[in-house]
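Student: I would like to go through this structure one residue at a time. Can we start once it is on the screen?

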Amino acid sequence: MAQVTVTIDGKAYRMACEEGQEDHLSDLAARFDQYVAHLKGQFGEIGDLRLTVMAGIMVMDELSEVNRRLKSLETEMNNLTSGRDVALSEQAKSEEALASALSEVTAQIHNIAAKLNGRAGIPAN
């Protein structure tokens, strides 16, 4: 396990993390420290524990909003996917109907051509 020292509200904390995750952990700590600094700027010295709890709640509030937006986007994506599938199915049916109609017209043209060729072979009286 790797170890990283992060700073929150001016205090250093030594933390363990997976190898290769050191920078990620440092970035997370720096972002969390911004929440703490913001709250400290708003409320002053109200105690480390209270600042940490309030910052944690702010983070959870943002996470909750992100999850809500993600679920909304997933629902929208599912609706769009379903709509696409229906449209593709309808397109395939339309293409089959068009191909069938073209086959019928082609057969009729061949019949007309055969009749005309048959008449052309009969000598006029």
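Student: Leaving out residues up to four places away in sequence, which residues does Cys17 touch?
Tutor: This is a predicted model, so every value here is computed from predicted atoms. Residues up to four places away from Cys17 in sequence are not counted. What remains for Cys17 is Met1, Ala2, Val4, Glu22 and Leu25.

Student: How many residues does the largest nonpolar core have?
Tutor: Cys17 belongs to this core, and so do Ala2, Val4 and Leu25. The other members are Val6, Ile8, Ala29, Tyr35, Val36, Leu39, Leu51 and Ala55. The full count is 12 residues.

Student: Which element gives the most to this core?
Tutor: At least two residues of the core come from each of E1, H1 and H2. The top contribution is 5 residues, and the element that gives it is H1.

Student: Which side chains of E1 point to the buried face?
Tutor: In a regular strand, side chains alternate between the two faces of the sheet. E1 shows this alternation: Gln3, Thr5 and Thr7 point to one face and are not buried. The buried side chains on the other face are Ala2, Val4, Val6 and Ile8.

Student: How many bridges join E1 to E2?
Tutor: E1 and E2 run antiparallel. One of the bridges pairs Thr5 with Arg14 in E2. The number of bridges joining the two strands is 7.

Student: What is the phi of Asp9 in the turn of the hairpin?
Tutor: E1 and E2 form a hairpin with 2 residues between them, and Asp9 is in the turn. Asp9 is not a glycine, although its phi is positive. The value is about 55°.

Student: Is Asp9 buried or exposed?
Tutor: Asp9 sits in the loop between E1 and E2. Its relative accessible area is 18%. Buried means under 20%, so Asp9 counts as buried.

Student: Leaving aside neighbours within four places in sequence, which residues is Asp9 in contact with?
Tutor: Lys40 is one of these residues, and the side chains of Asp9 and Lys40 are joined by a polar contact of 2.8 Å. With sequence neighbours within four places left aside, the contacts of Asp9 are Asp33, Val36, Lys40, Asp48 and Leu51.

Student: How many residues apart are Asp9 and Lys40, whose side chains meet in a salt bridge?
Tutor: The side chains of Asp9 and Lys40 meet in a salt bridge, at 2.8 Å from N to O. The pair links distant parts of the chain, with Asp9 in the loop between E1 (2–8) and E2 (11–17) and Lys40 in helix H1 (residues 22–43). Their separation along the chain is 31 residues.

Student: Which residue, besides Asp9, forms a salt bridge with Lys11?
Tutor: Between Asp9 and Lys11, the closest N and O atoms are 3.6 Å apart. The other salt bridge of Lys11 has its closest N and O atoms 3.4 Å apart. That bridge links Lys11 in strand E2 to a residue 37 residues apart, in helix H2 (residues 48–120). The partner is Asp48.

Student: Which residues are linked with Asp9 in a network of salt bridges?
Tutor: A search of the whole structure finds 6 salt bridges. Among them are those of Asp9 with Lys11 and of Asp9 with Lys40. The residues linked with Asp9 in the network are Lys11, Lys40, Glu45 and Asp48.

Student: Leaving aside neighbours within four places in sequence, which residues is Ala29 in contact with?
Tutor: Ala29 lies in helix H1. It is buried, with a relative accessible area of 10%. Ala29 is also a member of the largest nonpolar core. Its contacts, sequence neighbours within four places aside, are Val6, Thr7 and Ile8.

Notes
Residues numbered from 1 in each chain as written. Predicted model: local features only at pLDDT ≥ 70, side-chain atom pairs only at ≥ 80, totals over all residues. Heavy atoms only, no water. Salt bridge = Lys/Arg side-chain N within 4 Å of Asp/Glu carboxyl O. Helix = DSSP H or I, 4+ residues; strand = E, 2+ residues; numbered from the N terminus. Core = buried A, V, L, I, M, F, W, Y, C linked by side-chain atoms within 4.5 Å. Buried < 20%, exposed > 50% of the residue type's maximum accessible area, 1.4 Å probe, protein only. Contact = heavy atoms within 4.5 Å. Pairing = 2+ DSSP bridges. Polar contact = N/O pair within 3.5 Å; in protein donor to acceptor, adjacent residues only side chain to side chain.
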